[in-house]
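Below is a colleague's note for your review, set out as numbered points. Please read it alongside the coordinates.

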Amino acid sequence: MRSVRAVLPVVVLLVAACGAPATTQQAGTGDGVLVGVTMPTTSSERWIHDGQNIKRDLEKQGHRVDLRYAENDVPNQAKQIESQIADGAKLLIIASVDGSALTQPLQRAADARIPVIAYDRLLRGSPYVDYYATFENFRVGVYQAESLLTGLGLRTGDGQPGAAAGPFNIELFAGSPDDNNATFFFNGAMSVLKPYLDAGTLVVRSGQTDFNSVTTPRWDGETARKRMEGLLTTTYRRVKVNGVLSPYDGISLGILTALKNNGYGPVFPIVTGQDAELGSVKSIIADQQYSTIYKDTRELATVTALMADAVLKGRTPPQLNNLNDYDNGVKVVPAFLLNPVSVTKANYHKVLVESGYYTDDQLR
Ligand code: GAL
C-alpha cells in the first residue's frame, strides 16, 4: 500500500517546482485577486478543514478569498457562485453539493472568462470545468473493501488469504447518488468484493447489491441509521450481520448507532468508513468502527492552491497526473489525484498522530 508519505515528496517537489517564494512574493505584492471558494456543508468536519486550508494557502499566495458553505442546499450553492462571479472573482474553486446541478453558474463563469477548479467532487455535465483536484477515488473503495475482508479474517493485512472461511453476512452502503465520488467508491469496493459474493463467502441477505438500492442521499448519517435499523429488524431478526461496507464516517456512525440500538456490542460487526473524522477515529480506538480512509485535506488544499495560482498566472498547472479517468459527461477533466491511506486501530497513531493531523489529546 502506498502511504501518505509517498505523496508528500511529490507535493514538496511541486511546491519547489512552482518556486514557492517567488510565487508568493509575486502574488502577494500583485493584484490580490479574488478567488471564490464554495464548499458543500459545515455538518462534516472535513469540509470545514478543507475550506480553512484552501483559504489559508491562497491567502499566503496573496489572493483574497471568499469562502462559502452551501449547507447541502443546491440552489443556495448556485446562488453563492453567481454572487462570487458578480463580485469579480477571477477563479472559482467548487466542492459541489450536487455535481450535475451547477451547469448554469458554470456557463456564467465561462461567459465572464472565469476558470473553474472542481475540488474533491467532479463537476458533471459542463464543458466549463478546467481542472480537478481529488484523491484516488476508486482506490478508496478498494481499500474499504479490503479492510472489510481483513476485519472479517478472510484476508491478512498483506493481502494473503486469512484464517476465516465464512460465509459472512454483510450489507452494503454507498454515498450520495448525485456525488460522482460515490460511484467510484462503490465500484472500487465491488471490484474486491464481487469474487467473494460470487463464491458465497460473503452473502448480502437483504439482496440489495446494486448501487441504486444502497445509496445514502447527502451522505446523511441519520438516513443510514434508519436504513440499517430497517435491515436489522427485517432481514436480521434470526441471524447476525457480520460486516457493513460504509463509504463515509458519518454514515458509519449512523450504522453503529443502529447496531447498538439492536443489541449488538461490545463486539461489533466490521464497519468501514472514510475521512478519519475525529468521532470515527475515537470509535476505532474503542473497538467499535473497524477502519476509515484517511485523506489529508491539507495536501489537497495545497495542491489546489498551487493549481489556482498557476491558472491565475495563465499557466497550465504542473499538478496534473491523470488525464483520462474523470469524464464528466461532456469532457475529460484533467486531474491531480492524491493517495488515500487505509487506517485501523493498528496504524492510526503512525498515520494520524505522527503526521500531525491529530494530537493524542484530541483522540482521548
Ligand atoms: C465525498 C468525499 C468523501 C466524503 C463524502 C461525504 O465527496 O470524497 O471524502 O467527505 O463526500 O462528505
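**Ligand site and nonpolar cores**

1. In this model, which is predicted, aspartate 179 places a polar side-chain atom 2.5 Å from an oxygen atom of the ligand. Arginine 121 likewise has a polar side-chain atom at 2.7 Å from a ligand oxygen, and for tryptophan 47 the corresponding distance, again from a polar side-chain atom to an oxygen atom of the ligand, is 3.0 Å.

2. Taken by itself the ligand would expose 300 Å², and the protein buries 98% of that area. The residues around the ligand include, besides Asp179, Arg121 and Trp47, the aromatic residues Phe185, Trp219 and Tyr248, together with Arg46, Asp120, Asn181, Gln274, Asp275 and Lys295.

3. The largest nonpolar core comprises 45 residues, and those with the most contacts inside it are Ile170, Leu172, Leu193, Leu202, Met228 and Leu259. Among the elements that give two or more residues to this core are the helices α6 (137-152), α9 (221-234) and α10 (249-261), as well as the strands β6 (168-172) and β8 (243-245); the greatest contribution, 8 residues, comes from α7.

4. A second core, separate from the one just described, has 25 residues, including Met39, Tyr69, Leu91 and Met307.

5. With which residues is isoleucine 170 in contact, once its neighbours within four places in sequence are left aside? The contacts of isoleucine 170 are Leu148, Leu152, Leu193, Leu197, Leu202, Val203, Val204, Arg205, Tyr236, Val241 and Gly243, and two of these, Leu193 and Leu202, are themselves listed with Ile170 among the residues having the most contacts inside the largest core.

How values were computed: Residues numbered from 1 in each chain as written. Predicted model: local features only at pLDDT ≥ 70, side-chain atom pairs only at ≥ 80, totals over all residues. Heavy atoms only, no water. Core = buried A, V, L, I, M, F, W, Y, C linked by side-chain atoms within 4.5 Å. Buried < 20%, exposed > 50% of the residue type's maximum accessible area, 1.4 Å probe, protein only. Helix = DSSP H or I, 4+ residues; strand = E, 2+ residues; numbered from the N terminus. Contact = heavy atoms within 4.5 Å. Near = heavy atom within 4 Å. Polar contact = N/O pair within 3.5 Å; in protein donor to acceptor, adjacent residues only side chain to side chain. Areas by Shrake-Rupley, 256 points an atom, 1.4 Å probe, with all protein chains shown as cover.
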